[in-house]
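Biologist: I would like a close look at a single part of this structure, taken slowly and set in the context of the whole. Could you walk me through one packed pair in detail?

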Amino acid sequence: MSDDKSIYEQIGGEAAMNVAVEDFYRRVLSDEELAPFFDDIDMDRQIDKQKAFLTMVTGGPNQYTGRDMKSAHAVVVAKGATDRHVDLVIKHLAETLASLDVPANLIEQIGAVAESVRDDVLGRK
Ligand code: HEM
């Protein structure tokens, strides 16, 4: 069903995004396949960048000042990231949203947004 509100507004705006991204990184850091990629990363900064990125790509205010997905993840690819890791990231994002009672159709749309940057993240385009 269509809705003229952005995905960002439909999940609950800034408050929901804050809770979601924090929960998402707790899941990522608890995943032994993903955690090593974040060993040297300032997670407060990472969380802020991810909030701004997901806000922008879900139709909220654009305050993203981070790098493009290819540049940001060059180091990640150099450390061996593959489709498997992108799959895990998308899975954790979907599980986070489900745990916050975000409706399935919105989880699907947000998953599609994450899927759309797969090739950039992995340096394939
Ligand atoms: C699939 C969708 C993904 C999205 C939307 C995403 C989003 C982001 C964003 C917005 C940043 C901040 C960019 C900046 O610092 O300027 C970032 C950085 C980072 N991402 Fe991702 N990411 C994804 C997948 C992954 C995967 C699969 C991994 C690990 C295997 C990963 C690991 C990292 C790391 C380690 C950084 C920090 C890089 C640095 O500061 O040097 N990301 N990501």
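Modeller: What follows is an account of one helix pair, with the fold and the ligand shell around it. The model is a predicted one, and its protein has 8 helices and 0 strands, so that the pattern read along the sequence is α-α-α-α-α-α-α-α. The C-alpha atoms occupy a box of roughly 40 × 30 × 25 Å along the principal axes, and the radius of gyration of 14 Å agrees with the value near 14 Å that a compact globule of 125 residues would have.

Within this fold, helix 6, which spans residues 83-99, packs against helix 7, residues 104-116, at an angle of about 155° and with 10 Å between the axes. Because angles over 145 degrees count as roughly antiparallel, helix 6 is roughly antiparallel to helix 7, and the crossing of the two is right-handed. On the side of helix 6 the contact is made by I90, L93, A94, L97 and A98, which meet I107, I110, G111, A114 and E115 of helix 7; by class, this contact comprises 8 nonpolar, 1 polar and 1 charged residues.

Helix 6 also has a part in the ligand's surroundings, since helix 3 (43-57), helix 5 (74-78) and helix 6 each supply at least two residues of the shell. Of the 22 residues around the ligand, those that come nearest are F53, G66, R67, A72 and H85, while the shell by class holds 15 nonpolar, 5 polar and 2 charged residues.

Terms used. Residues are numbered from 1 along each chain as its sequence is written. This is a predicted model: local features need pLDDT of at least 70, side-chain atom pairs count only at pLDDT 80 or more; totals for chains, interfaces and linings use all residues. Axes are lines fitted to C-alpha atoms, for helices over the stretch in contact, and angles run from 0 to 180 degrees between N-to-C directions. Helices (H or I, at least four residues) and strands (E, at least two) are DSSP runs, numbered from the N terminus. Angles under 35 degrees count as roughly parallel, over 145 as roughly antiparallel, 65 to 115 as roughly perpendicular and the rest as oblique. A crossing is left-handed if the near helix is turned anticlockwise from the far one by less than a right angle, and right-handed if clockwise. Two residues are in contact if their C-beta atoms, placed from the backbone, lie within 7 Å. Ala, Val, Leu, Ile, Met, Phe, Trp, Tyr, Cys and Pro count as nonpolar, Asp, Glu, Lys and Arg as charged, and the others, Gly among them, as polar. A residue is near a molecule or strand if its C-beta atom, placed from the backbone, lies within 6 Å of it. The radius of gyration is taken over C-alpha atoms; the globule rule is 2.2 Å times the number of residues to the power 0.38.
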